[in-house]
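Trainee: Could we go through this structure together? I would like to understand the reasoning behind the terms.
Mentor: Happy to, let's look.

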Amino acid sequence: MVEMLPAERLSDLFDQDDDDFLECCYVSILGRPSDPPGFRHFQDLLQSGAAKTEIVFGIAASPEARKYGWRLPELSQWMFDQGLAGSAHMIELVRASGIPSIPPFEPVVAPGIARMWIDLTGAFEARGAFSESVRVELELARSLRVANPWLRFSIYIDTGFAEIPENQLQWLFGAADLREAYQVFFGRVEGRESPLRSIELTVPDSDMFFHPYGSSDLILSAGLQGDRKKEGFSKLKSISPQIYVSFLVYDIMPLVADTALYFSEESRDVVHRYLDWATEHCDFLLYGSEAAQKDVETQLESEETPAISGKPIRLGIDPVEGIVQDGDAERLITLGITRSFMLADVSADASSDYGLLYRVMLMCLARNPDQTPQLVISGDIGLESDLASMVLRDPRVAGHILIVDPSDDDTAVLYRNCRFTIFAGAYPGWAPSVSKSFAFGKFALAADTPNLRETGYDLIDFVELDDVRSWTEKILSYAGDDRLLDDVQAKIAVQWSRPSWTDAGHAVYEALTALANQCLPSAQLVDLIGSNVPWKKPVIWMDLSLTFLNWGGGMQGIVRVELTYAHYLKKIAPDSRFFAYHNGRFFEIPTDYLTWLWDAEELSAAYDFFHDFWNKAESEGTGSRFQIASQDSIDGAVRHLTKIPENTIVLFCGIGFVTPGQMHSEKAITDMVSPARRVMTSQLLYDFTPFLLPHTHVQSTVDGYELFVKHISNEFEHILYGGKTAQRDGIKIQKDRGWRSPPSDYLEFGSELDLADQGAPPTLRQRRKVLADLGITERFVITVGTIQPRKNHEVLYKAYLRMLEDEMLEEPLQLIFVGKNGWLSDDLLAAIANDERVQDKLLVLSPTDEQLRILYHACEFTLLPSFYEGWSLTLPESLGYGKFCLTADVDPLRETGQDLVEYIDPLDTFRWAERMAYYARNPKEVLNRERVIAEQWDARTWLSSTEMMLDKLYDAHRIMVEKQNGEPHAVGADK
């Protein structure tokens, strides 16, 4: 029989007759000649009346075809269009052929896995050139589909994941040239007008999260992992932890000690955050090389982070044309190449040591200029860099070192015609350029790194990275010895086999199924109360009912704390979710409704903007915060929460009650959570003044707060307290009243006034203007806090009168009350307003945050006479600005102020007057105090406070889970 050539198109295959048709099927689909038993089987079928389509399917559906890939690019889409893939008749036909059949339609991929997906967000969102990451994502999509014909495809769009129907991807499956197909589809062919194509997706009309996945599905994400997609996977895993997620990690070069210097601090931080995220949210990882896996495991071990299961895979390399082509010589001249050259392709290697190559070339030219080949550096090395500028201007290497950024066609020309390749990178990622060099049959001289040894084995001649002399000797040797070069390149031709993308697809399929089989399906864990469920970092769901719905005023106290924690929580734990409670129902707050908070630099101004926007919209009837909570027609069950997802911490930092007995969010949440589902509720309690100083509050507050704290104590799994003193007082109150005392921790609040960097102190002109606007004309002292009996403003008012009456001051000193009017303060404020002795001397102000910042900078010192605080916000602020404070002698303020402030009995009016006058008369003493503060005060920032809170919450959640599992756990002695 004459050797049959494979068909280039399906139409060519079907044009064949009888025996030629059968042989062409084998060659075109399986890539081999027919075997006699199989040939006779299909010959009998044809003679008995079987259609050619049935024969094609019978061969294409065999495991052999699926393993090694269909040679006809059109075949995949044709089978799908014909509806043959799930035909019972066709499956029976394959069984009868003697070629083992594919599994039933829509099979279980592996034990514990329902369906397998690959996410194509990276390829569809890419806006630049056809990058290596885009190629990998698309090549794996179509090769993984060969390994698993029921593979499904998804993309992150709007606020969720949508399935990409297979018939929308025929441009991908049928592509002979993937780059060209991609560029044509997206209208990016240079120099050619090409209409932008689109795909049709089914996306719900909602701004809430959505996805097409089912329980025990497995999703692979192989492209670059953008923040939006990571946020989507975070939400997915928080809602459905029984879905497997796996990411492909190419490398972590910015974190590896040898290569970190090649990357900016920002790049290192991005990769570090990505790795942290992946270890928390992925079930397992795939790696672009064994070296990458080792680097990740080493990094995790150094951070004492639990390892995550993973496997390395060998990615594919496209077939190349290695024979020199007509026109190559002309292209080389155009690129400036005039003689034998070596190629350094740095397009995929950010760690390439260009300085080493420069020094090596200088030594080569000094030793043997006639034998030194040209060095062509291919790729973007940053022509603005100092090194590039030096190379381009150094006459010694002029014409000897060329820096080019070639097209794909020119890259192929360079590989085909170079004498050999050179790789001087400390860590060239998954090293596609090395494999490309071998694909062109070119020998490589390379730095001795683990991943290059993994890629090249003994086919590379390795050199220590910084050994300039050895590099020089080897380059001159291979440049001048044709026989030596021929021998090593013959060895490559015999020993190296190109890894195909089909092989890579099967490797990925096998790796994913093996890794999934190692995992006990999460769906089985959720409902197994009392079984050993491994602890995994939970998702935070934070209540914002107070600040998003109920509070109509400005920034103060608890409002500031709730918003500040939410702001930093989103940055530190971006998968956190936020919700509110209204009219007996919980609802998730869409993240777009909180953009003003995420982007805020000055929190007070941002919150004012929030109120202005919604007050205007609600008054004009153009929008309402309450719509999403009260109208089913907005989002229906998607928006409203009926159950909190498993493995969650539900955090409350506001105070939900208004009047005694009223249903509040903290009370209603208990019907929606279950510790057995690894859900922990935690409430932040700031202080206990309604218990300890009930006379300083209105009676409804006293009664309501007692019921509120009782409910939290008896029903919640955890309590956060505003400082050690608040924790001590809370536990004592629980004990005295016979309430439960749940596990608890204390927090230290931040000391900066707002989110923005305070930067340089205000200028003298800024101070003068703000102080003049506020009516401050003399030296002054301030006390900051809502004006209410607990804050004890009255003692300062009377002490100030005492100073004035006894002429204790040598110079005028204004006293400034900074704060809004609180409860039970009308009489005091009326007395101050009507007292002519303090007119224009004692001022009551409610400044902006920027004005308050200037007041802190400009005041002589500060005052804090409170009868009780939890963890004071204003005392750390004062110390944070380097200001000395006269402070009430009470336990919680001693906890904060330590030895940096002076303590006075909050009831001793005369002592307050004496010490205020003393420091007003002795500014040098104040300066001495400020120097001590500058040396000793270790300010906790709000970012640090949020990190402290997260650490406490995670630890408490872990202990709760371990107790359920009956595991021993360690509890810190000082909580």
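**Strands and cores**

Mentor: Let's start where Trp 117 stands opposite Ile 219 in β4. Please keep in mind that this is a predicted model.

Trainee: What makes β1 and β4 a pair of strands?

Mentor: Pairing needs at least two bridges between the strands. Four bridges join β1 (residues 116-119) to β4 (residues 218-221), therefore they count as paired. These two strands run parallel.

Trainee: Which strands stand at the edges of the sheet, and why?

Mentor: The order is β3-β2-β1-β4-β5-β6-β7, in an open sheet with mixed pairing. β3 (160-164) and β7 (310-312) each have a single partner strand, so one side of each is left without a neighbour in the sheet. From one strand to the next, the twist averages 25 degrees.

Trainee: What lies across β1?

Mentor: Helix α9 (residues 132-147) does, and it also lies across β2, β4 and β5. Its direction is at about 160 degrees to β1.

Trainee: Why is the set with Met 542 called a nonpolar core?

Mentor: The name calls for buried residues of nonpolar kinds such as Met, Tyr, Leu and Phe, joined through side-chain atoms within 4.5 Å. The largest such core has 50 residues, and Met 542, Tyr 565, Leu 684 and Phe 749 touch the most other members. Helix α43 (residues 942-965) gives the most to this core, with nine residues.

Trainee: Which other core is there?

Mentor: A second, separate core has 47 residues, including Ile 155 and Tyr 182. In soluble globular proteins, nonpolar side chains tend to be buried together.

Notes
Residues numbered from 1 in each chain as written. Predicted model: local features only at pLDDT ≥ 70, side-chain atom pairs only at ≥ 80, totals over all residues. Heavy atoms only, no water. Buried < 20%, exposed > 50% of the residue type's maximum accessible area, 1.4 Å probe, protein only. Axes fitted to C-alpha atoms, helices over the stretch in contact; angles between N-to-C directions. Contact = heavy atoms within 4.5 Å.
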